[in-house]
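Me: Please take a single part, a sheet, and look at it closely. Then say how the rest is arranged around it.

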Amino acid sequence: MSDKKKILIIQPIHKAGIDLLENHPKFEFEVIENIDSENIVSKISECDAISIRTAKLSGELINKSNKLKIISRHGVGYDNIDIESSKKKNITLTITATANAVAVSEHVMFMLLNISKRKDMYDSSVKSGRFSDRNKLPKTIELWNKNILIAGFGRIGQCLIKRCKGFEMNVFVYDPFVSKEIIEKFGGQKVENLTDATKKMDAISLHVPLNKDTEGLINYELLKTMKKNCIIINAARGGIINEIDLNKALNENLIFGAGLDVFKVEPPEENNPLLKNDKVFLSPHTAAFTEECMIRMGKETIQNIIDFFDKRLDKSKIVKL
Ligand SMILES: NC(=O)c1ccc[n+]([C@@H]2O[C@H](COP(=O)([O-])OP(=O)(O)OC[C@H]3O[C@@H](n4cnc5c(N)ncnc54)[C@H](O)[C@@H]3O)[C@@H](O)[C@H]2O)c1
C-alpha cells in the first residue's frame, strides 16, 4: 500500500498547480470534475487533503472524512466550506492569499470604466453604422475627482485603492476592523458610518466577506439615500447586495448603474430581473479568471498543501476558525 498522502482536487485547476504534484515522492492526487455530493463522499474518506474551488463542502461531507487534515481553497472566500465541522475535526483551512487581489481590483476598474463610459451604447453605435449619433448619445462620466467608497479594506481593498488613486479619485474606506492610520497610509479616508458615507459617493465597491453582518448590507433603505449618479460594484460575494432591491433602485433611477461579478444564486436563476436590466454590467464570477491569476491560484492551492505537510505553511495562508 502506498504511504503517499492523497490529495483530492475538487474541480480542475491550472496545469501549473498539477505540475507541482507530478511524480512527487510524497503525494498522489486525483482531480474530480463531478461535484455532486455522492461523488465527493465516495472519495472523501480516503483523502488526507482537499484542494477545492467553488463546490460546496457541507458539514455532512466533511464528517465523512477519516484522515482529512487540510482543506485548501483555490481562492480566498470560504463561504462554501462548513466551518463548524472543519473546526471540530481540527482540519486546517487555507486560502490562496497572495493570488487574487490584482485580478479582482483590475476587474473592478474594468466594470467601473465600462459603466461610466457607457461601453455598450458607444460601441454599438459605431458597429451598427450610427457613428453620427456621437453628438446625441448621453455623455459619459469621468472617474477623476469622484468619490469612491471601498467597503472592506483587506487584500483586495488595499490593492484597489492604488488603482483608484491612479485615476485621482477621492477614496473613502469603510472597514471597522482597519485603523485610520493604515487607511491614511494608503491615501484613503476612514469613514465610521456606512449610511452617512454612501450618501456622498459616486462609486461604491464591495470587498467584505459574506457573513451574517454583511448579508443584505446594500438594501433598498440604503440605496434610496445614494446619489443618482452612483455606481455600485460587487466583485465580493452575492448576497451582500439585495438583488431585488438593487433592481428596484435601478429602475427607479435612484442610482446610475451596477457591476456584478457575483450573485446570490450562481448561476443566477433565469427569472433574476437583473439579467434583463440594461443598467447592470455582469460577469460570471470571473473577476479572478485572468490567465496569470489562474496560474497563481493553481500553484498556491497545491503549495499550501505541500507546505502544510512539510510543516512550513505561512500563517497568512491559514484561516482562523
Ligand atoms: N469575484 C471573485 O472572483 C472574488 C475573488 C477573490 C475574492 N472575492 C471576495 O472578495 C472579498 C474580499 O476578499 P479579500 O481577499 O480582500 O478578503 P480580506 O479578508 O483580505 O478582506 C476583507 C476585509 O473586510 C473587512 N470586513 C469584514 N467584515 C466587515 C464588515 N461587516 N464591514 C466592513 N468591513 C468588513 C475585514 O476587516 C477585512 O479587512 C471576499 O468576499 C471574497 O470572497 C471574490
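Reply: The text below goes through one sheet strand by strand and then widens to the whole chain.

This is a predicted model, in which local features need pLDDT of at least 70 and side-chain atom pairs count only at pLDDT 80 or more, while totals for chains, interfaces and linings use all residues. Residues are numbered from 1 along each chain as its sequence is written.

The part chosen is an open sheet of seven strands in the order β8-β7-β6-β9-β10-β11-β12, paired in parallel. Strands here are DSSP runs of E with at least two residues, helices are runs of H or I with at least four, and both are numbered from the N terminus. Two strands count as paired if DSSP finds at least two bridges between them. In general, strands of a sheet pair through backbone hydrogen bonds, either parallel or antiparallel.

The edges of this sheet are β8 (189-190) and β12 (280-282). Each has a single partner strand, so one side of each is left without a neighbour in the sheet. At the β8 edge, strand β7 (residues 170-174) runs parallel to β8 and is joined to it by two bridges. Here phenylalanine 172 stands opposite glutamine 189 in β8. Helix α5 (residues 101-116) packs on the sheet and touches β9 (203-206), β10 (231-234), β11 (257-260) and β12. Touching means that C-beta atoms, placed from the backbone, lie within 7 Å. The direction of α5 makes about 150 degrees with that of β10; the axes are lines fitted to C-alpha atoms, for helices over the stretch in contact, and angles run from 0 to 180 degrees between N-to-C directions.

Two loops next to strands of this sheet have unusual backbone geometry to look at. Most residues other than glycine have a negative phi, and most peptide bonds are trans. Glutamate 168, in the loop between α7 and β7, has a positive phi of about 55 degrees although it is not a glycine. Proline 267, in the loop between β11 and β12, is joined to glutamate 266 by a cis peptide bond with omega about -5 degrees.

Next come the domains. The assignment gives domain 1 (5-99 + 292-317) and domain 2 (101-282), with bounds from an automatic or database domain assignment. Their C-alpha centres lie 32 Å apart, and the contact takes five residues from each of the two domains.

A second open sheet has five strands in the order β2-β1-β3-β4-β5, again with parallel pairing. Its edge strands, β2 (27-32) and β5 (92-94), each pair on one side only. Helix α12 (residues 291-309) lies across β1, β3, β4 (70-73) and β5, at about 155 degrees to β4.

Last is the ligand. Of the 31 residues around the ligand, Gly77, Gly152, Gly154, Ile156 and Phe177 come nearest; a residue is near a molecule if its C-beta atom, placed from the backbone, lies within 6 Å of it. Helix α7 (residues 155-166) gives the most to this shell, with three residues. Each of domain 1 and domain 2 supplies at least three residues to the shell.

In total, the protein has 12 helices and 12 strands, and its C-alpha trace spans about 75 × 50 × 30 Å along its principal axes.
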